[in-house]
Amino acid sequence: MSILKKITITFILCFFGIGHASDLNYLDSAYSKGNIDYLREILPKVKSDTQEDEKRIEYYKALTQSSPNFVQGLQNISTQEDNPYSQASYLELGKISYLNKKYSQAKTYLEKITNPPLLTEKSYWLAYCQYALTDYQTAIYQAQNFLQLSLDNDKIESSYILISDCYIKLGNHKLALELLLSIEQLKLFSSQRAAALYNIALCYQELKNEAKQKETTFLLKKDFPYSKYSKDLGRLTNNNQLTGNFGYEEDFSAGSYLQVGAFQDNENALEAEQTLKDKGYRVKIHKELSGQTLLYKVWVGPLNTAIEASTAKKNLLVHNFPSFVVQPTPQKETTTLSQKNYFLECGVFTDSDKLRERLQVLKNLGIEATAYRRQIGKNSFMYGVIGPFPDKEKALIQQEELKKHNLASNLFIK
């Protein structure tokens, strides 16, 4: 074979190879831009040379409804553990279920997502699912998770509105107003400003501040006369006077903190803590049980004055960290006579090597445990014991942390 012919064949192969790769890249690009019509148009023209490419095309066919039953197609993909698009299918199924008002089903799909690149979108849609299911506190946590990870301005604005909606539903109009006014003053609202003004007016109404309510209502009707929010303001009084001065004062006690997030995953809390420390904030992680759920709450502070808290709050918002004031619960005083000590028994062994392994695992987690031996009849048992804890809640918090590492434990009092 001549050199010229070899070069020609090589060029043809490279040309078609590049064209094929380019087609697949078009699929990804069209999907990332939300151009489903273009995606549907070019799909029939794309050929697959490998099993990986076939899975990629199969996913996009299901997504664009070009298969007979696209929901069933996505469900089939989601159950294929070796399919790189299984997690993405869970995300799409979650969105579809949410839009069809099947909120529990949507939540189930979304909670199966563990792929790090999808966690931001997962938090966004989970926040809306939890809101629809009236679990407003969890919706706030999910929205805060999203805010710390996202660069999508429109969704960031929507998340702030969602958080304010949750506070309103919880009857905490003071916190909702505080969040909304802080963002309004920083001019962070754009696409969601009408919704923000509506919630601000609603909060002023509930807080019996008639002057501010009228002022905000006028702003809304002036800037967004045809929006649904203006039409919903029939019960709010109109006013033709505008001062443009949004003011709000909050009760504050020295030694309080600003809570910027509450996470079920300690890694997310540690990441938020490090981000804030890098920006110069004093940060601590406060562990707290909410029902049966262990939450890692990220606090900035302590803060000594209301001015200091207000300044910190505005600075945190610039970095997409909405916050509110919390006061640590005073430590309960106990006497030696009445104090009960709580312990956790973490493992029962008959093999001393197994016990040493367990104690080392605990030590690697930063947990100190003591080995105990107990004789029952002719049998000798060894235990890893953690404690004492000054109160039951702290013991239960430690127990929940152990569960996250698949370590079972039993609570006992001595």
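Let's start with helix α11, which covers residues 193-206: its 14 residues reach 20 Å from the first C-alpha to the last, close to the 20 Å expected at 1.5 Å a residue. Keep in mind that this is a predicted model. From α11 we'll move on to a strand, some unusual backbone spots, and the empty spaces inside and around the chain.

**Helix α11 and what comes after**

- Most of α11 is tucked away, with 13 of its 14 residues buried.
- After α11 comes Lys208, and its phi is positive, near 65 degrees.
- Lys208 sits in the loop between α11 and α12, the latter being residues 210-223.
- Is Lys208 buried or exposed? Lys208 has a relative accessible area of 72%, and exposed means over 50%, so Lys208 counts as exposed.

**Another positive phi**

- As a bit of background, most residues other than glycine have a negative phi.
- Thr134 isn't a glycine, yet its phi is positive, at about 65 degrees.
- You'll find Thr134 in the loop between α7 and α8.
- Thr134 has a relative accessibility of 52%, which is over the 50% cut-off, so Thr134 is exposed too.

**Cis peptide bonds**

- Most peptide bonds are trans, which makes the next two worth a look.
- Gly301 and Pro302 are joined by a cis peptide bond, with omega at about 5 degrees.
- Pro302 belongs to strand β3, residues 293-303.
- Further along, the bond from Gly387 to Pro388 is cis as well, and here omega is near 10 degrees.
- Pro388 is part of strand β7, which takes in residues 379-389.

**Strand β1 and its partner**

- Strand β1 is mostly covered: eight of its eight residues are buried.
- Which way do β1 and β4 run relative to each other, parallel or antiparallel? β1 and β4 (residues 324-326) run antiparallel, and three bridges join them.
- One residue pair to look up is Gln259 with Phe324, its bridge partner in β4.

**The cavity**

- Rolling a probe the size of a water molecule over the atoms shows where empty space is left.
- How many cavities of 30 Å³ or more turn up? The count comes to one.
- The largest cavity has a volume of about 50 Å³.
- Its lining is made up of Gln144, Ile163, Tyr167, Leu179, Pro322, Ser323 and Phe324.
- Phe324, which we met as the bridge partner of Gln259, is thus also one of the residues lining the largest cavity.
- By type, the lining of the largest cavity splits into five nonpolar residues, two polar and no charged.

**The second largest pocket**

- The second largest pocket holds about 690 Å³ of space.
- Of the 27 residues that line this pocket, those closest to its centre are Ser123, Gln142, Asn145, Asp265 and Asn268.
- Which elements supply at least two residues each to the lining of the second largest pocket? They are α7 (119-132), α8 (136-149), β1 (256-263) and α14 (266-278).
- Among these, α8 gives the most, with seven residues.
- The lining of the second largest pocket divides into 10 nonpolar, 11 polar and six charged residues.
- β1 comes up twice in this briefing: its residues are buried, eight of eight, and β1 supplies at least two residues of the lining of this pocket.

Technical notes. Residues numbered from 1 in each chain as written. Predicted model: local features only at pLDDT ≥ 70, side-chain atom pairs only at ≥ 80, totals over all residues. Heavy atoms only, no water. 1 Å grid on protein atoms, 1.4 Å probe; cavity = no way out; pocket = protein on both sides within 12 Å on 5 of 7 lines; lining within 4 Å. Points joined across faces, edges and corners; volume = space filled by probe spheres on them. Nonpolar A, V, L, I, M, F, W, Y, C, P; charged D, E, K, R; others polar. Helix = DSSP H or I, 4+ residues; strand = E, 2+ residues; numbered from the N terminus. Expected span 1.5 Å × (residues − 1). Buried < 20%, exposed > 50% of the residue type's maximum accessible area, 1.4 Å probe, protein only. Pairing = 2+ DSSP bridges.
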